[in-house]
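Trainee: I have a model open and I'd like to learn how to read its features. Could you walk me through it?

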Amino acid sequence: MGSNIDLIFKIAGVGILVAVLNSILKHAGKEEQGHLVTLAGLAIVFMWVIQLLANLFDQVKSVFKLF
Amino acid sequence: MDIMQIVAIGLIATVLIVVVKSQRPELGVLLSVAAGVILFLLVLSKIGSIMDIIKDLTARAEISMVYLGTILKIIGIAYIAEFGAQICRDAGESAVATKIEFAAKIMIMVLAVPIIVAVLQLLLKLVP
């Protein structure tokens with residue numbers, strides 16, 4: 001339960017951090033690195049969300065006997 | 001009070017999604033997926049206990065477990081498909097959402113065919 005709500009905060013934190021880093025890098029004239037930061041943030045969050053989704057699918061499978 | 005917890009998680013997630021989405025729409029989508037999964041996981045254990053009661057009632061009414069299993073499977077498919085389709089529609093991809101719903105309808109149809117056949121056979125038995 002506690003780790004569950006943590007994930008929402010973690011994703012929002014990554015999102016805000018990526019947005020800030022992106023604007024800083026854009027001002028410094030390093031647009032390519034800004035794109036890479038965006039991509040890295042997206043990949044990290046994707047890993048978390050996919051694990052969560054796998055957990056959801058497993059639980060739905062066991063509750064509704066979908067095998 | 002679980003409902004307070006659920007509403008609180010929903011409200012916090014909504015505010016964070018609005019903040020993140022204005023800067024990074026793709027992370028906003030992932031955030032809404034995570035919020036949806038967490039909220040559903042919180043109620044899934046309760047659904048499990050309701051299912052146990054329904055199973056008990058079915059056994060007491062001496063209805064075949066095959067029918068209950070089919071109904072449960074249909075509910076599960078409908079929920080998962082609805083979940084995916086809503087997320088696609090939220091992200092503006094109505095075409096993908098429609099295809100997911102179509103696939104779910106086909107899957108449900110496949111599961112329901114044995115019951116339809118059983119009903120038809122019963123009808124044929126009744127008609128002399």
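Mentor: Sure. Let's begin with burial: a residue is exposed if 12 or fewer other C-beta atoms lie within 10 Å of its own, and buried if there are 20 or more. Keep in mind that this is a predicted model.

Trainee: Okay, let me try that on a residue. Is B:E62 buried or exposed?

Mentor: B:E62 has 6 C-beta neighbours inside 10 Å, so B:E62 counts as exposed. You'll find B:E62 in the loop between α2 and α3 of chain B.

Trainee: What is the phi of B:E62?

Mentor: Phi of B:E62 is near 55 degrees, a positive value in a residue other than glycine. Chain A has a case to look at too: A:K65, which follows α2(A), has a positive phi near 55 degrees.

Trainee: Now whole chains. How much of each chain is buried?

Mentor: In chain A, buried residues make up 18% of the 67 residues. For chain B the figure is 16% of 128 residues.

Trainee: And the secondary structure: how many helices and strands does each chain have?

Mentor: Chain A comes to two helices and zero strands. Chain B has four helices and zero strands, and reads α-α-α-α along the sequence.

Trainee: How do I judge whether chain B is spread out or compact?

Mentor: Set the radius of gyration against the globule rule. Chain B has 20 Å, well over the 14 Å that the rule gives for 128 residues, so chain B is more spread out than a compact globule. Its C-alpha trace spans about 70 × 40 × 15 Å along the principal axes.

Trainee: What does chain A give on that test?

Mentor: A radius of gyration of 17 Å, where a compact globule of 67 residues would have one near 11 Å. Along its principal axes, the C-alpha trace of chain A spans about 55 × 25 × 10 Å.

Trainee: Why does the span of helix α2 of chain A agree with what I should expect?

Mentor: Work from the rise of 1.5 Å a residue. Helix α2(A) covers residues 31-64, so its 34 residues should span 50 Å, and the end C-alpha atoms are 48 Å apart, which agrees. The buried residues in that helix are A:G41, A:V45, A:V49, A:L52, A:V60, A:V63 and A:F64.

Trainee: How do I read a helix pair, say α3(B) and α4(B)? At what angle do their axes cross?

Mentor: Check the approach and the angle together. The axes of α3(B) and α4(B) (residues 94-126) come within 8 Å and cross at roughly 175 degrees. That angle is over 145, which makes α3(B) roughly antiparallel to α4(B).

Trainee: Which residues meet there?

Mentor: On the α3(B) side they include B:I74, B:I77 and B:A81, and on the α4(B) side B:I100, B:A104 and B:I108 are among them. By class, that contact has 15 nonpolar, three polar and three charged residues.

Trainee: Last one, the interface. How many residues does each chain put into the contact?

Mentor: Chain B puts in 30 residues and chain A 25. On the side of chain B that touches chain A, the elements giving two or more residues are α1 (2-23), α2 (25-60) and α3 (65-90) of chain B. The most comes from α2(B), with 15 residues.

Trainee: And how does the side of chain B that touches chain A divide by class: how many nonpolar, polar and charged?

Mentor: That side divides into 23 nonpolar, four polar and three charged residues.

Notes. Residues numbered from 1 in each chain as written. Chains lettered and ligands numbered in written order. Predicted model: local features only at pLDDT ≥ 70, side-chain atom pairs only at ≥ 80, totals over all residues. Expected span 1.5 Å × (residues − 1). Contact = placed C-beta atoms within 7 Å. Nonpolar A, V, L, I, M, F, W, Y, C, P; charged D, E, K, R; others polar. Rg over C-alpha atoms; globule rule 2.2 N^0.38 Å. Axes fitted to C-alpha atoms, helices over the stretch in contact; angles between N-to-C directions. Parallel < 35°, antiparallel > 145°, perpendicular 65-115°, else oblique.
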